[in-house]
Amino acid sequence: MSETPANPPAPGTPAAPGEDRRRLRRITLRVLIVQALTLLALWLLQARYHGAP
Amino acid sequence: MHLVNWIIVFAYLAYVIHDGVRRAKGTHEIEGYFLANRSLPWWAVGLSVMATQLSAITLVGATGQGASDGMRFIQFYFGLPVAMLILGVTLVPLLHRAGVFTAYEFLERRFDSRTRTFTSALFLLSRGMSCGVIISAPAVILSVILKLSLPVCVAIIGLPTVLYTMIGGVQAVTWVDVKQMVVIVGGLVALLATLLLGLPDGVRVDDALHVAGAVGRLRTFDFDFSLTETYTFWSGLIGGLFLMMAYFGTDQSQVQRYLTARSVDEARGSLLMSAYWKIPLQALVLMVGVMVFVYYLFTQPPLLFNADQEARVREKAPAEYAVLQERYAQAFEQRRAAAHALAAARNAGDEAAAQRLAEEFRAREQEVTAVRNDALALAARVTGENPRDVNYIIPAFVMNELPIGLPGIFIAAVLAAAMSSIAAELNSLSTATIIDFYRRFVKTQAPDSHYLLVSKLATGFWGLFACFVAVFAASLGSLIEVVNRFGSFFYGSILGVFLLALYRRATARGAFYGLIAGMSAVAAVTFLAPQVSFLWHNVIGAGTVFIVGVLLSWIAGGSPAAVAAEGVAAEG
């Protein structure tokens, strides 16, 4: 779950811009995939059990 | 309540106070008291962020909502993960690197002093009030269970929280939150497991869900685009996105959580915990409610869940109430038979019979609902109060139906949810009071020990103020909406100012008058078009501030905002 590296840099040490961008892209992708899967699970729950007109 | 339950509740309270107070050892200056010297790990901060958001209102109101209205409330949170992503890229690094105590302090660096003062004052006003509402929810439960007066119950919840927050500061708030999240999730899981294990013979979990689904309790998505409906996919995704961005990005009660993280990455990681887990957690909360609904299909529930109101109705309109009870008993029996028949048909794999029996079950459910509505109308007429029965469904179930021990765990979970939210809010109210006002306008030069002392006193003051508000908040409308309404009146506009801060050419004048325009727009919509859902107020407020702020910055110019914060803006 952690988005932080095992050995985080000292507080206040900014990451290199390129590295930061790549990490943010990875995080974004991961969050969007997890959200899509969560919504899919809820959708399947509704599709299987929701029966009201 | 059984002695064992009492022991669980008091053991929990004693542990929380002990654990919170012992954190005072590390807080000898205000940097430690308010920001834990920016030393906390992402996972503790992340749990604290979640515990702060998950109040007792969520546990009591949302589980009740799950029982009465089903899963669709979950759509309210659909914008949250995206909000966390946007904040992780924009405001989180900006605020964390600025080294500020409050989010509003950043606005002074970026714009000017009056914008800081104004936004911080709005925060104090809205959060001071909503903190009272958050105390009142569990106080209402306790007053029903213990048959004590509301002020006494408010004191039982509020005073221990004030005590450990006042003494231990943000360290106490965060580390107690971590344990409280464990208690909350543990309580919910125990409740759900008990409900699933307690299904009647011949009714499997799959059948139970089909029965609940037959009357709409498992409808999760509503794709209708409506400005007046709060719980739709689009309201949740768009309105919820703005609400969550405002809450997590500009509300000091949340901003202060991640300002305590060791680094920007850890602050970002703490918010991502909510991005991953908030919707599943909320699904768990609502599913508990849905399963309580299923439970009451096979065991007759009280006609009115609010025991206090039921007693008054029984006393003042005995004949009318007796007639309703008789109708209710008949309608319930017919619904129970229909539910059993539907479950049996599904169990046997007879699709045609299941469809026919689902129709029958829906008709019986409508009859039960009709009698309940008549009873609620009678209660409102007799007592002159809104029954707010939905908030009593889960407490009544827990106290009347669960075996010894579980009521104690559930009450501990409700207390944990309440205390974690209250503690974070008291801590942030105190921070804003001292950093944004006292240290700027009252005593600008003083030793750290002085500021530490007044910070503790400010925490105590806000705690007592919130307890006072709590006594009156209980007589307001639906608890969930009350809290969100308080926030959404100001939230969107304050978010607009922070969004404006990301725009390099925005000026202080643009920000200030944009803020006024945003709040005016929300006020106009609130009064002229009250049917518009409060979730959209955030979009309207933020959008107005941003547009007016940008236009004013272009047209009127003014001292380039940048003057104050070129470096800060450049980081965004």
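A crossing of two helices is left-handed if the near helix is turned anticlockwise from the far one by less than a right angle. In this predicted model, helix 8 of chain B passes helix 18 of chain B in such a left-handed crossing.

Helix 8 of chain B spans residues 113-146 and helix 18 of chain B spans residues 406-442. Their axes lie 9 Å apart and make an angle of about 160 degrees. Because angles over 145 degrees count as roughly antiparallel, helix 8 of chain B is roughly antiparallel to helix 18 of chain B.

Chain B is divided into domain 1 (3-296 + 400-571) and domain 2 (318-387). The centres of domain 1 and domain 2 of chain B, taken over C-alpha atoms, are separated by 37 Å. Contact between the two domains involves nine residues of domain 1 of chain B and 11 residues of domain 2 of chain B.

Chain B also touches chain A: 31 residues of chain B are in contact with 22 residues of chain A. On the chain B side, two or more residues each come from helix 5 (80-89), helix 10 (205-214), helix 13 (264-298) and helix 16 (351-383). Helix 13 of chain B gives the most to this side, with 11 residues.

The table lists the residue classes for these contacts.

| Contact | Nonpolar | Polar | Charged |
|---|---|---|---|
| Helix 8 of chain B with helix 18 of chain B | 15 residues | five residues | four residues |
| Side of domain 1 of chain B that touches domain 2 of chain B | four residues | three residues | two residues |
| Side of chain B that touches chain A | 18 residues | six residues | seven residues |

Notes
Residues numbered from 1 in each chain as written. Chains lettered and ligands numbered in written order. Predicted model: local features only at pLDDT ≥ 70, side-chain atom pairs only at ≥ 80, totals over all residues. Contact = placed C-beta atoms within 7 Å. Helix = DSSP H or I, 4+ residues; strand = E, 2+ residues; numbered from the N terminus. Nonpolar A, V, L, I, M, F, W, Y, C, P; charged D, E, K, R; others polar. Axes fitted to C-alpha atoms, helices over the stretch in contact; angles between N-to-C directions. Parallel < 35°, antiparallel > 145°, perpendicular 65-115°, else oblique. Domains from an automatic or database assignment.
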